[in-house]
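Q: Hi! I'm new to this one and would love a quick tour. Can we look at it together?

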Amino acid sequence: MSSERYSFSLTTFSPSGKLVQIEYALAAVASGAASVGIKASNGVVIATEKKHKSILVEEHSIFKVEQVSPHIGMVYSGMGPDFRLLVRKARKMAEDYMYTYREEIPTTRLVQKVALLMQEYTQSGGVRPFGVSLLVCGWDENRPYLFQCDPSGAYFAWKATAMGKNYVNGKTFLEKRYSEEQEVDDAVHTAILALKEGFEGQMTGDNIEIGICTADGFRRLSPAEVRDYLANV
């Protein structure tokens, strides 16, 4: 009960040493749509479920897997509007870096900048934390990268991870199935199976989104390509 006295203040620690608003933001992430990321030997795969609240929604008007720069992409679990803002700011960071140094921003550097922005929103008055966790995938220095950024501003490098709804079962599945030798095609199949752990209903090319990042750059798979992968699972 004592923590509830501090739950409306972002910048005040509770007696137990917690910033309760950040915990609430993490709860928003945990109740969001499931997302997974898997690093393969020749690239990275990110995937998420994309269920619409009505069959009348135009299915491909909104995307959850977004490209930030030619070789970096990201996906989220949590609040979509917060993700849109972070994508816009991340693209601006990538453009600024390109303008200054005449080269693409390294994945690690972009993740650090985005995490710094998210951390600023945990230490300022009159704002709230971002209600999203991000999976950022990239390819530079001839190797793949996969990072997770949380509302607290913490970021981690992963071989494979899951977040959002039912993330515990997703991570347990990935721990059993992950192999560092697998290639992108196998990683896509593993990502689809990981999403199936908590998926309700029938998977189609329209209700999941997949992005892959290789030495050729980042791209979002078309619904037809996703259906081909689903047929082979």
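Q: Let's start small: which residue is the bridge partner of glycine 37 in strand 2?
A: That's isoleucine 46. Keep in mind that we're looking at a predicted model.

Q: And how many bridges join strand 1 and strand 2?
A: Six bridges, with residues 35-40 and residues 43-49 pairing in the antiparallel sense.

Q: What order do the strands of the open sheet come in?
A: The order is 8-1-2-9-10, five strands in an open sheet with antiparallel pairing. At the edges are strand 8 (160-163) and strand 10 (217-220), each pairing on one side only. From one strand to the next, the twist averages 10°.

Q: Nice. Which strands does helix 4 touch?
A: Helix 4, residues 167-177, packs on the sheet and touches strand 1 and strand 8. Its direction makes about 165° with that of strand 8.

Q: Switching topic: how many aromatic pairs are there?
A: The count comes to six. One of the pairs is phenylalanine 156 with tryptophan 158, an edge-to-face pair at 6.5 Å centre to centre with 70° between the planes.

Q: Why does phenylalanine 156 count as partly exposed?
A: Because its relative accessibility is 38%, and partly exposed lies between the 20% and 50% limits. Tryptophan 158 is partly exposed too, with a relative accessible area of 27%.

Q: Which residues do ring pairs link into a cluster?
A: Tyr145, Phe147 and Tyr155.

Q: Last one: where does the charged end of lysine 51 sit?
A: Over the ring of phenylalanine 199, 4.2 Å from its centre. Likewise, the charged end of lysine 64 sits over the ring of tyrosine 76, 5.0 Å from its centre.

Key: Residues are numbered from 1 along each chain as its sequence is written. This is a predicted model: local features need pLDDT of at least 70, side-chain atom pairs count only at pLDDT 80 or more; totals for chains, interfaces and linings use all residues. Side-chain values use heavy atoms; hydrogens and water are left out. Two strands pair if DSSP finds at least two bridges between them. Helices (H or I, at least four residues) and strands (E, at least two) are DSSP runs, numbered from the N terminus. Axes are lines fitted to C-alpha atoms, for helices over the stretch in contact, and angles run from 0 to 180 degrees between N-to-C directions. Contact means heavy atoms within 4.5 Å. Rings of Phe, Tyr and Trp (its six-membered ring) pair if their centres lie within 6.5 Å; planes under 30 degrees apart count as stacked, over 60 as edge-to-face and the rest as tilted. Buried means under 20% relative accessible area, exposed over 50%, partly exposed in between (1.4 Å probe, protein chains only). A charge sits over a ring if NZ of Lys or CZ of Arg is within 6 Å of the ring centre and within 35 degrees of the ring normal.
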